[in-house]
Amino acid sequence: MAPSGRKTITIDAPVMITSNKIAVWMDENWMHDFFDFIYKHKFKLSGMNHMQNKIKLTFVTAKECTMFGLKYGGRKK
């Protein structure tokens, strides 16, 4: 069976990019809670890019990206 799917996902995040390309987090607890979520579910990230009000996550495998999307979308807020 051939591997399929994407390895990247873009999610909303309270981050702002300044004019000199520095990422500023609007909510410091969100970042800590998010990385605790990543650690708890043992996801392996291979990259992360900050964008205006979003972050783009790159995972090691497409399967991990899909599992992250399902678990992150189904979490309690």
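Helices (H or I, at least four residues) and strands (E, at least two) are DSSP runs, numbered from the N terminus. Keep that in mind for the tour, in which residues are numbered from 1 along each chain as its sequence is written, and side-chain values use heavy atoms, with hydrogens and water left out. What you have open is a predicted model, where local features need pLDDT of at least 70 and side-chain atom pairs count only at pLDDT 80 or more, while totals for chains, interfaces and linings use all residues.

**The whole chain**

Start with a cartoon view. You should find 2 helices and 5 strands, in the order β-β-β-α-β-β-α from the N terminus. Along the principal axes, the C-alpha atoms fill a box of roughly 45 × 25 × 15 Å. Of the 77 residues, 22% are buried (under 20% relative accessible area, with exposed meaning over 50% and partly exposed in between; 1.4 Å probe, protein chains only). Among contacts (heavy atoms within 4.5 Å) with a separation of 6 or more, 57% are between residues 24 or more positions apart.

**Stop 1: Lys 42**

Select the loop between H1 and strand E4 (45–51), where Lys 42 sits. Its phi is near 60°, a positive value in a residue other than glycine. Most residues other than glycine have a negative phi. Lys 42 counts as exposed because its relative accessibility is 65%.

**Stop 2: Lys 21 and Ile 22**

Now move to the loop between strand E2 (15–17) and strand E3 (23–25), the place of Lys 21. Here too is a residue that is not a glycine with a positive phi, about 70° in Lys 21. At 72% relative accessibility, Lys 21 is therefore classed as exposed. Add Ile 22, which lies in the loop between E2 and E3. Ile 22 has 46% relative accessibility, so it counts as partly exposed.

Next, extend the selection to Met 16, Val 24 and Met 26: with Ile 22 they make a nonpolar surface patch of about 340 Å². Patches are made of residues with over 30% relative accessible area and no salt bridge, joining like charges within 9 Å and nonpolar side chains (Val, Leu, Ile, Met, Phe, Trp, Tyr) within 5 Å. The areas come from the Shrake-Rupley method with a 1.4 Å probe, and for residues only the protein chains shown count as cover.

**Stop 3: a patch of negative charge**

Select Asp 27, Glu 28, Asp 33 and Asp 36, which gather on the surface as a negatively charged patch. For charges, Lys and Arg count as positive and Asp and Glu as negative, with His and the chain ends not counted. Asp 33 belongs to helix H1 (residues 28–40).

**Stop 4: the salt bridge**

Which side chain does Lys 54 meet in a salt bridge? Show Asp 12: the two side chains meet at 2.9 Å, N to O. The pair links distant parts of the chain, with Lys 54 in strand E5 (residues 54–59) and Asp 12 in strand E1 (residues 8–12), 42 residues apart. The structure holds 1 salt bridge, defined as a side-chain nitrogen of Lys or Arg within 4 Å of a carboxyl oxygen of Asp or Glu. Lys 54 is partly exposed at 33% relative accessibility, whereas Asp 12 is exposed at 54%.

**Stop 5: Glu 64**

Finish in helix H2 (residues 62–73), where you will find Glu 64. Glu 64 is buried yet has no salt bridge, and the nearest side chain of opposite charge, Lys 44, is 4.6 Å away. Show Phe 43, Lys 44 and Phe 59 as well: these are the contacts of Glu 64 once its neighbours within four places in sequence are left aside.

Definitions and conventions:
Charge placed at Lys NZ, Arg CZ, Asp CG, Glu CD.
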